[in-house]
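This report looks at a single protein chain, beginning with its cysteines and then turning to the overall build, surface and charges.

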Amino acid sequence: MKKVLQVGFVGNPNCGKTTLFNAYTGANLKVANWPGVTVEKKEGAFKYHDYKFKLVDLPGIYSLTSYTMEERLTREFIMNSDVDVIVNIVDASSLERNLYLTLQLIEMGKPVVVALNMMDIVEERGMEIDLHRLPEMLGVPVIPVSARKKTGLDILMHTVAHHKDKYIDPNLEHHHGKYTKEYSKHRHEHHEEYPVVYSDLLEDKIDEVSERIRENHGNIDNLRWYAIKHIEMDEMAQAKYPIDSNGIVHNSYEEEIINQKYDFIEEIIEEVLVNKAKKAAVTDKVDKVLTNSYLGLPIFLGIMAFVFFLTFQIGDFIKGGFEGGLDAFSNSVFNLLTVIGAGDFVTSLVVDGIVAGVGGILTFLPNIFILFLALAYLEDSGYMSRVAYVMDGIMGKLGLSGRAFIPMLLGFGCTVPAIMASRSLENMQDRRKTILVTPFMSCSARLPIYVLFSQMFFGKNAMLAAYSMYLIGIAVAIIVAYVMNKNSEKSTQNTLLIELPEYKAPNLRTILIYVWEKVKEYLTKAGTTIFAASVLIWFVLNFGPGGMVSDMSQSYGAMLGKTVSPLLAPAGLGMWQVVVALISGIAAKEIVVSSFSVLFGIANINSVEGMAGLTQVLADYGFGALNAYSLMVFCLLYIPCAATIGVIQREMRSAKWTVFTILFQLGVAWLVSTLVYQIGSLFLA
Amino acid sequence: MTLLNATIGYTYMVNSLELDKVTVRRLEALGLTRGTKIKLLNRNRGGSVIFMVRGSRLAVGKKIADSIQMREA
């Protein structure tokens, strides 16, 4: 019988935690949110020897305070779940800072195994780490691994299996040179039990508090950890095991505890780190250029322009094959249905509804794939946090920290995770503002709309027209943030605080897994939301009060569209078909494109013939280039998709705010597209 | 002296952090404790700075940069 071992992966952000996790689990993992909140936790499983390992990837954190949601959740997970072993991934190239979390984890009293990652960077810099001394001082096993090269993986899990019942190795050995003299005179004999021993003053208090907790609550697990949290006046620990700490805890000793942990880390570094960095890190040289006061911003804009160039050009290049496939598929489905004698009703539903709606969306997969590949590359290389630094000045003028730019940038991929990423912002006001403007950053679901309409109406300038959407989106986001900042009574503070990790060659496996997840989401969306919406649209457009109609203008859809269309006439969008497409696009923005396929009965909308056909039909309605541009602008800015509305509601927990966001964005979309159409008409007239 | 008027490429010693408690705790957890040495690496026109502390690079905005009191090491 196999035994199940639950292993939690904990580490600083950028320590290679996810890469290591992926090295074990590959792409078959389950991404789940914590109950009630949207902090992601990933789970994966594999078998090794007699054990079945269940791995849980926890959010990247620096500390185990209760100040941020990620830290609280990790704490709760370690304290309360049935996790057997904690694997603490430590970035060896930043050992000093990483060990701070390690010491806290060891203090929690669960078995800890340290996975020492990025040893290659350490070696490149001509440094060495004493792998014999380090575990002696920490009291837990230290296993060198390389998440990228996939070395040390078996040894790590072997150690996990062997270490599952041990908290601290009994061979703990410290000299405590000057620190012992300053702090502790071995009165407590704690030096044999714990790696970190605080000053006599603090140890006395920890002992006294431990005693009181025991008196009140019996022999609890992790007693020492709770006692330490009590003298830090940690609210969650105080609420869980309330005691009368009068006479012991006069004020929070948090600062002393942090300082003394770092003192111990200095001691470790002194003993285990040989040849401290002699070579200037490559990162500093690269940063001289990428974060340069004058060059930083132009370089960033250049990189983004390049990303979109790749998305449109290379994406379109690959797209050809997809279209041929769809044409052939559509024809064979039609033939098959005719052969088996399916009625007009079924044939129309399948060919005009489902194949046109869903298939049309699938042909945009290459563009989406390239975009996510580029974003993943930027994220994994370490450049993203530099962008926060480079943009901090501009964002400061909008009353936001440079960090708020990261969710906005991620918004180019998909608004849903981008809004979730705003959680890294500390203050609520910043988050609210960021969440309000992030949907204006044009997400990949809007890409099909731009690709289609810009190619139909703007010929050689298609890419320019599509690129301008991104610029308009950014401009609107900036203006909205600026106006909000001017009107808020409290001037927000500039509180950028972010770590800049070492640059690294992005890991192909990490990137591919990330992109595959996105592609999978896209395909799932095509198979579910877009499928359902296509069927629904087909029904709404083919049925009217008198049953199935042969002329769509008699359908329910047309009736609805005609009621609303006068409102959109000033924006040049006063066609009932456009209204139907826009309304259905709320389910997911790609559906605007699907709707056009279904509305005008075009089987392969993204092909040259499909576009020519649609352009012709639209021209008959007097829908020209300016209308198309106005439509693109409207699609860029109007109501975010259903999934985004859901995530805004979950993050803000306020129905009022969610409704405001929807109305606000609808208003902005109407205003801007009307301006575009009216001003454009003056010039064209 | 604060990080805002320090010289790029020089190393300093932290005297105190004059900020709200939560931000101070976060900085301390990142290793920016009293008496720590930090090296200023870069500063942009908006006043945001990049510095090295305990082997890792941090970027902070103008407000935090101006609240890190230090002396020459």
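## Cysteines and the absence of disulfides

In this predicted model, the sulfur of Cys635(A) lies 11 Å from the closest cysteine sulfur, which belongs to Cys443(A), and this is too far for a bond. Cys635(A) is also buried, its relative accessible area being 0%. Cys641(A) likewise takes part in no disulfide, since the nearest cysteine sulfur, again that of Cys443(A), is 6.4 Å away, whereas a disulfide would need the two sulfur atoms to be within 2.5 Å. With a relative accessible area of 15%, Cys641(A) counts as buried.

Taken over all chains, the structure holds zero disulfides.

## Fold and dimensions

The secondary structure of chain A consists of 29 helices and twelve strands, and its C-alpha atoms occupy a box of roughly 90 × 60 × 55 Å when the principal axes are used as the frame.

How much of the contact network in chain A, counted at a separation of 6 or more, comes from residues 24 or more positions apart? Such pairs account for 73% of those contacts.

## Burial, surface and charge

Of the 685 residues in chain A, 58% are classed as buried. The chain nevertheless exposes about 28,100 Å², of which carbon and sulfur atoms supply 61%.

Chain A carries 58 positive and 68 negative charges, and the mean positions of these two sets are 4 Å apart.

Technical notes
Residues numbered from 1 in each chain as written. Chains lettered and ligands numbered in written order. Predicted model: local features only at pLDDT ≥ 70, side-chain atom pairs only at ≥ 80, totals over all residues. Heavy atoms only, no water. Helix = DSSP H or I, 4+ residues; strand = E, 2+ residues; numbered from the N terminus. Buried < 20%, exposed > 50% of the residue type's maximum accessible area, 1.4 Å probe, protein only. Contact = heavy atoms within 4.5 Å. Areas by Shrake-Rupley, 256 points an atom, 1.4 Å probe, with all protein chains shown as cover. Lys, Arg positive; Asp, Glu negative; His and termini not counted. Charge placed at Lys NZ, Arg CZ, Asp CG, Glu CD.
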